[in-house]
Structure formats: C-alpha cells, structure tokens
Amino acid sequence: MKNRLFNIWIALCLPFLAFSQDITPDEIRVDYACVKKDLATVIVELSKTSGVNITFNPEILPRNKLVSLNAKNKSVGTILNAVLKDTGVRYKIVGNQLVLVENEFENAEEIITVSGYVLDSLSGEPLAYASVYSMNKLEGTESNEFGFYSLSLPKGIQRVYYSYLGYKKEILELRLKKDTTLNAELTPDAVLNEVLILDSKIDEISQDLHSNTFLPVDQIWSITSLGGESDIFGMTQMLSGVSTGADGFGGINVRGGSYDQNLILYDGIPVYNSSHALGVISIFNPSTLKSAQLLKGSFPARYGGRLSSVMNVLTKEGSTRKMKGDLSIGTLAFRTTLEGPLGKKNNSSFMLSLRRTHLDLWLLNNISNFIYDIGGLDGETNYSFYDLNAKINFKLNRKHKLQFSWYSGKDDLDNDVTKTTPLLAELTVQRKVIDTEWGNKIFSAKLNSEINQKLYHNLTIYSSGFDLDNFNLTQIDRTLMDTSQTRSLNSSLFRSKINDLGVRSDFDFVPNANNFWRFGLSAVRHNFEPGLINSSAPNADLSAEITIDSLKNQLVFPNIKGTELTAYVENEIKLSQNLYIHPGLRYNLVLGDKFSDHSLEPRFSVFYQKNDVYLRAGASRMSQYLHLLANGGFGLPTDVWIPSTDIIRPEKAWIFSAGIGFKLSETMNLDFEAYFKNFDRVISFSEGLLTPIDEDTNWEQDLPIGRGKAQGLEINLTKRYGQSNISANYTLSESNRTFPSLNGGNTFAFRFDRTHQFKFGFIQKINKNAEFSSNWQISSGTPVSVPFQVITTFVDGVPVPVAQIEGRNEQNLPLYHRLDLGFNFYNTYSWAKQKFSIGVYNAYNRENPFYIDIGTDDKIPTDFITEQFSILPILPYVSYSLAF
C-alpha cells in the first residue's frame with residue numbers, strides 16, 4: 001500500500017534458539033549463497049537460514065538492486081553489511097532481533113575520535129590492554145596500561161565493541177557527530193563464587209604481533225598449586241619455552257636464558273628478586289593481581305635491560321565503588337586484602353594487602369625436629385616469608401590521576417643440623433648452618449595525564465631495593481681414642497645489596513586507527529654493594545667459631561655506582577586488514593665510575609593473518625647492564641647481583657623468532673614457533689673455590705666472560721573457552737655456554753637446558769559450583785656436573801673431599817615428571833562468597849632429583865660420597881577463601 005509504513009516480521013524465533021549474553025544476533029554464523037536475487041528476498045532468506053528475526057520497511061530498500069553472494073561461515077552482520085553497502089540503509093540491534101533503518105551518515109567522510117577508559121563495572125578498576133574495535137573490525141585499538149583508549153571512526157552511527165579476557169563483552173551503538181569521551185564498563189565473567197571458565201569467546205582484533213602470552217589471571221584460582229597457594233609462577237611454568245629446576249625451584253628460565261635475564265616488572269618497576277621459597281612461589285600476591293603478560297621474543301622497544309623475557313605484572317588500584325576485601329588461608333600461607341573508595345565522590349581509592357606464611361609459627365620447627373630425629377640427626381629448620389602491598393590513588397580531575405604504590409617483602413631461612421657418627425676409634429660431629437635473609441622494597445609515584453583524546457602521558461618516579469645476606473657454615477668436630485680433639489670450619493658469606501632511584505616519562509599517541517605510537521625517556525641511578533667471602537680453619541681447636549658477624553667484619557664491601565639512560569620510540573602500524581608491522585628503536589647509555597657504554601637496539605615484528613591462518617616473525621637487539629653471579633644456577637639466595645664495570649661489560653644478545661598458527665575452531669588454536677638467541681659477554685663463577693668479592697681484591701679480573709646460544713621449537717594447542725579448558729604444549733630446545741677459561745674452553749650445556757618438555761593442563765567445569773583441575777608435565781633432566789669419583793685428601797690430618805669431574809654439565813639428572821590434581825567448590829551467601837579447595841601436589845609421589853652434593857660416608861666418616869637430593873614428595877593441600 002502506497003505511503004503506508006508497515007513491518008514485515010519474518011522467520012519467527014525458533015523455540016530452541018537462545019542467544020548468550022556475549023553473542024548478539026548479528027554474530028550468528030551461517031552459510032548463504034544467492035545469484036541475482038532482489039535485496040528484500042535475500043534478507044528474508046538470510047533470516048530463515050540464521051533463525052534471526054530481521055525487521056524492515058520494504059520502502060527504504062532500493063527496488064532494483066540484485067545481489068549475488070557466496071558466504072561460508074560468515075556472521076549475519078558481515079553479510080548484511082555487504083548487501084546493504086551503498087544503499088543508505090544499515091541495521092541495528094534491538095533485543096534479539098535486527099532492525100533495518102535509514103543511514104543518515106551514509107556519505108559522511110569526517111573522522112571522529114572516541115576516547116575514554118575501559119573499567120570494571122563492579123569496582124571501577126581500569127582494565128589494561130582491553131580490545132576496542134568497530135563492528136567490521138576495520139578500526140581497532142587496545143587500552144593502555146592505565147585503561148585509556150583512543151579510537152578513530154568515520155562520522156555516523158557506529159557500533160563499538162569492548163572486550164577483555166574474563167569479562168562479558170560490551171557493545172555500544174554510538175551516534176558520532178563530534179569527538180566523544182566515553183567510558184565503557186565491563187562486567188566480570190568470573191568472580192570468586194563462580195566456576196572460572198568462560199562460556200563464550202572473547203573477540204580479538206588479531207593475534208599479538210609478538211611472542212606474547214597474556215596470562216589468564218581469572219584462571220589463577222582454578223589451577224592446582226603448591227600448598228593451595230594460587231600463584232602466577234605456577235601458571236607461567238606450564239607455558240612452552242619456560243623451564244625451571246626440579247619442582248619449580250630456581251625461578252623461571254625462558255627460551256634458554258638464565259634467571260637474571262628476565263625483566264620482571266611490578267607495576268612497571270623492575271624487581272630483582274621475584275620469588276619466595278627459592279623460586280617456587282612468586283612475590284605477587286594473587287589477591288592483588290589485575291593483569292599479567294609474558295613476552296618471550298621480538299620485544300617492543302619500550303622494554304629493555306634484560307636479554308630473554310619480560311613479565312609485566314599489574315596490580316589492582318582499589319575499588320572506587322564500594323568497600324570490599326577477602327580472607328584466605330591455605331596449607332602454606334594466609335592472606336587478606338582490603339580495598340575501597342576514599343572520600344564521598346568515589347574518585348579516589350586505596351588497596352592494602354598482606355600475605356604471610358604460618359607454618360613457621362607452629363609446625364616447621366616441630367616437624368623438622370621429628371624428621372631429623374628419625375634420621376639420627378639433631379636440629380631444626382625454619383622458613384618464613386611475607387608480602388605487604390599498599391596503593392592509594394587520587395583522581396585530581398577528569399584528565400589527571402596521582403598514584404602512590406609501596407611493596408615490601410622478605411624471606412627468612414634458618415637451618416641448624418648436627419649429625420653425630422660414633423665409631424670404634426673416632427667420634428665425628430658434623431654441623432651444618434644456613435642463615436639467610438633476603439627481600440625487596442619498592443616505592444613509586446605516578447602521574448597519569450590525558451593530554452588530549454589522542455595523547456596520553458605517564459610520569460613515574462620510583463625506588464627499588466634488594467638486600468641479601470646468606471651465611472653458610474660446615475663444622476666438623478673429631479674426637480679420637482687418645483682424646484685428642486680437632487675442629488674443621490668452612491664458611492661463606494654472600495652479600496648483595498642494591499638501591500635504584502629512577503624516573504620514567506612515557507607517551508602513548510594514537511593519531512588514527514592505523515598507528516599506535518609509544519615513545520619515552522628514562523633514567524635510573526644504581527648503587528651496588530656486592531660481597532663474597534670464604535673462610536676456613538681446617539685444624540682448629542674446639543673453641544674456634546665463625547659467625548656471620550665475624551665474616552662481615554672481614555669484608556670491605558665494594559660500593560659501585562652507575563647510571564642508565566634510555567630513549568625509545570615504536571609504532572604499531574596496520575598496513576591492511578591482514579598485515580601489521582611493529583618497528584621500534586631503543587637507545588641505551590650506561591655511565592659507570594670508570595667506563596661508559598652505549599647501544600642502539602633495533603626492534604621489528606610483523607604479523608599477517610588470512611582467514612584461519614596467521615604468521616608471525618620478529619627480531620630484537622637486547623643489552624643488559626646487570627649481571628647475576630649464580631652459584632649453581634638455581635636463582636637461589638646465594639646468587640650475587642653485580643653491575644657492569646670497565647672489565648665486566650654489558651651483556652648483549654640478538655633474538656629471532658618466527659611462527660605459524662592455525663585457528664582450528666572458534667575455541668581452539670594450534671601454533672608453532674621457532675626461536676634463536678645469540679648471547680655475548682655472559683659471566684660465571686670461576687671453577688674451584690669461589691673468588692672473593694671485596695673492595696681490596698681484583699675480583700673482576702677472575703670472573704670468566706663468555707658467550708652462549710639457544711634455539712628451539714615450541715608447539716602449542718589451546719582451548720580456553722567452554723566447559724573444558726585445555727592447554728598442551730611441547731618444547732624442543734638446546735642452550736649452551738662457552739667460556740675460554742672454563743671446561744677447557746669447550747662448549748657445555750646450560751644448567752637449565754631441558755631438551756624435551758611436554759606440559760598438559762586441564763580444567764573441567766563439573767557444575768556451576770564445582771570444577772576439577774589437573775597439571776601434568778614431563779621433561780628431560782637438567783645437565784649437571786657429577787663427579788665420577790671423590791678422592792679424600794688430608795690437610796693437617798683433616799680429610800678434605802676433592803671431586804673428580806670430567807667436563808662441565810656432561811651428565812643429566814633423571815627424567816622429571818609430576819602430576820597435580822585439585823577440586824574447587826564455590827558458594828554464595830548474602831554477605832559473602834566462598835571458595836574451598838582440596839588437592840594434591842606430586843600426586844604419585846615422584847622423587848624428582850633436585851641436586852647432587854658431596855657428603856660423608858656413614859660407615860667411613862673419612863670417606864666422601866655423592867648424594868642425590870629430592871625436595872618435594874606428595875603434598876596434599878587445602879585452602880579456604882572468603883570474599884566480602
């Protein structure tokens with residue numbers, strides 16, 4: 001009927017079809033083909049094929065437009081956009097249906113900028129690295145570290161998508177006539193009382209340009225863990241290309257690099273010691289985590305100062321909406337967190353969190369006593385750690401925010417054990433003492449400024465400190481039949497003290513949808529006080545003793561200062577819908593007391609995607625001003641940080657990587673990536689007795705300096721979405737080192753070189769209140785130097801072991817494998833939410849060897865033997881968490 005508006009309702013809702021909260025009607029995928037059909041007919045058929053209600057007024061459609069189309073597995077929205085192009089008509093979403101309307105901005109050419117923050121709807125917390133993109137994904141960006149985004153779109157009605165891992169997707173339809181400021185709030189898809197598996201896929205603009213893994217911190221509560229202590233390192237250790245010592249001891253080593261070659265950032269501030277319990281547990285309290293990412297290759301220019309990897313961990317700023325907190329206790333530790341708004345306007349916030357072990361308060365002393373008694377020993381072992389986090393944020397106005405952050409953490413390990421061996425002619429009493437304290441302190445002040453809709457600035461002033469004192473003593477008392485008595489003393493003190501004071505100025509500039517510039521400057525002043533001393537008295541009387549204070553009095557600690565200045569620029573460039581490149585350049589200038597060093601570091605990565613296949617490649621030049629003297633390479637507190645000097649120059653590396661990936665389904669990806677690294681100027685302890693580090697010694701002259709190589713292939717299969725979460729990966733790798741003064745100048749395997757590694761993680765949603773999780777891994781044993789015999793020599797009548805070793809790291813520890821199992825149960829009350837976890841670490845009690853040492857023979861105390869030590873047996877755990 002002429003001039004009469006009417007609606008045609010077609011393809012009534014099918015009773016069995018329901019759209020999830022994250023899947024809108026235009027995202028339903030279908031196969032549809034036609035040849036020269038009129039537009040109205042095409043729309044009717046598309047509605048019937050997809051089961052989506054499409055409402056329209058036929059009079060707004062062009063009458064003579066014929067459509068030919070062959071779409072395979074395309075979304076309804078993509079097909080509609082194609083057939084409605086240049087018609088002056090667009091669609092919009094109304095509930096669970098699509099409505100066709102006239103597009104008044106059809107021919108608009110002006111570009112509008114939309115900017116603002118992506119926020120958590122419950123807490124007001126900014127979400128870092130959230131995806132923001134248009135419906136057709138031709139324009140897209142991501143929020144920066146502080147949740148700020150800027151997106152340039154054509155003038156008119158635009159549908160903007162906001163998505164973030166672990167959150168429900170938000171879709172906003174905007175009528176853009178001028179530059180607009182808009183904050184988007186996303187609702188968490190997983191909180192403490194829910195099973196932490198996403199039931200829908202989160203859209204991504206593309207795979208990341210770099211070898212970059214965004215760690216799903218929403219899953220940290222689901223995975224099995226040592227002592228029920230949810231931890232980001234436990235998640236990281238299950239990734240491809242990451243190796244550790246037995247049971248995680250020694251921290252993480254990435255793609256053939258050493259522990260010190262990882263740049264660990266705590267809210268952007270470098271951390272020197274990132275773990276507790278000798279590398280098993282990170283210093284990052286899980287209650288404070290907001291996001292975490294691990295970069296393993298082709299590093300952006302904004303990161304530098306290390307050679308192998310970057311772990312960037314961001315912590316919460318505190319809720320601006322309401323007061324809330326949590327309490328948790330597990331087999332190993334307890335923790336509590338409190339956060340909330342400051343003031344009546346809810347523009348400012350605070351966060352305070354504490355975590356501490358509790359076993360030292362009631363169990364470790366007693367259980368170690370009991371174990372030593374069974375083994376015929378006398379003594380006790382105790383260990384504790386704590387973390388304290390505090391953060392306060394002030395929103396000065398709409399465009400400026402001031403933030404203060406503080407962290408303090410400390411570990412304390414005490415061990416004093418005596419072994420008595422009576423024989424017919426001799427009584428031997430052997431005492432071993434370990435007294436170690438180490439910890440970090442970090443303070444930062446940040447001023448965030450939104451200069452305009454395209455330019456964002458962050459100014460950071462910070463201090464970062466690390467302090468270690470490690471004292472070791474072996475004391476052997478011998479009483480002979482003639483009642484003569486002797487005492488043999490061997491001791492060492494490792495000291496590492498660092499204080500950094502730094503400033504950073506970082507800019508994010510987004511001129512358009514095809515470019516994302518980052519550039520900045522930084523300066524840091526280092527102050528090092530390393531120290532190492534060995535002291536022995538092979539034939540002393542029984543009154544002789546060596547203490548930590550007596551060794552400190554003998555040491556004159558070197559005080560070494562240095563300054564690092566850096567500048568960087570990088571740009572993520574979208575050349576086409578399928579092709580991205582990311583060039584960058586970083587300049588480093590190091591000024592020491594007696595030397596200077598500068599380097600220009602080019603960075604480049606490229607990414608190409610076509611349909612369900614993507615390619616990635618990159619190259620990076622890296623340099624490292626700091627060195628870690630590792631005694632055994634475990635990342636243990638016997639390691640000493642030292643700076644570069646006129647003799648020990650900065651380490652350098654070239655890093656190359658390339659990979660291919662396949663999207664097997666909407667929820668499953670398979671990818672392959674190969675890498676190659678070339679290290680130069682790496683250092684080590686010399687062979688034999690450790691060289692003392694003292695102001696009065698030429699310790700720098702005695703440190704071996706060499707080179708290294710690492711190469712490998714990683715294969716990853718991941719399924720993150722749905723009722724089951726699966727992660728499986730395999731790594732084939734080789735890493736070695738060459739020092740002219742070590743091992744006869746011959747190349748030897750790196751301490752954490754595991755040729756083969758396979759890891760499998762599984763999380764199954766049982767129902768809305770329960771889930772099951774498991775981790776299993778198997779890998780080659782790490783290389784070690786095992787003596788083929790131990791010869792006993794006598795110094796002043798005292799037996800001294802001399803290990804006979806052929807080649808460095810030419811043997812391997814036995815195969816390593818371990819299974820962890822766990823269950824999580826959730827409940828919700830009117831006043832709080834709770835989680836209860838039970839599980840078992842090392843479920844089949846595999847005795848994985850940790851290290852090999854030399855000890856005395858019980859039957860012949862003057863003889864020495866090699867002993868293999870395992871650390872963690874089967875360990876059940878329970879934990880309970882309450883969020884209010």
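Which residue caps the N-terminal end of α1? In this predicted model, where local features need pLDDT of at least 70, side-chain atom pairs count only at pLDDT 80 or more, and totals for chains, interfaces and linings use all residues, that residue is aspartate 38, with a side-chain oxygen 3.3 Å from the backbone nitrogen of alanine 40. Residues are numbered from 1 along each chain as its sequence is written, and side-chain values use heavy atoms, with hydrogens and water left out.

Helix α1, a DSSP run (H or I, at least four residues; strands are E, at least two, and both are numbered from the N terminus), holds 12 residues, 39-50, and reaches 16 Å from its first C-alpha to its last, close to the 16 Å expected at 1.5 Å a residue, a span calculated as 1.5 Å times one less than the number of residues. Its buried residues (under 20% relative accessible area, 1.4 Å probe, protein chains only) are Leu39, Val42, Ile43, Leu46, Ser47 and Ser50. Because they cover an arc of only 135 degrees around the axis, they lie on the same side of α1; the arc is that of the directions from the helix axis to the C-beta atoms. Just after α1, glycine 51 takes a positive phi of about 80 degrees.

Elsewhere, 4 strands form an open antiparallel sheet in the order β8-β7-β10-β11, where two strands pair if DSSP finds at least two bridges between them. β8 (140-142) and β11 (170-176) stand at the edges, each with a single partner strand, so one side of each has no neighbour in the sheet. Within this sheet, 4 bridges join β7 (residues 131-134) to β10 (residues 156-163), and serine 131 stands opposite serine 163 in β10.

Terms used: Buried means under 20% relative accessible area, exposed over 50%, partly exposed in between (1.4 Å probe, protein chains only). A polar contact is a pair of N or O atoms within 3.5 Å; within protein, one must be able to donate a hydrogen and the other to accept it, and residues adjacent in sequence count only if both atoms are side-chain atoms.
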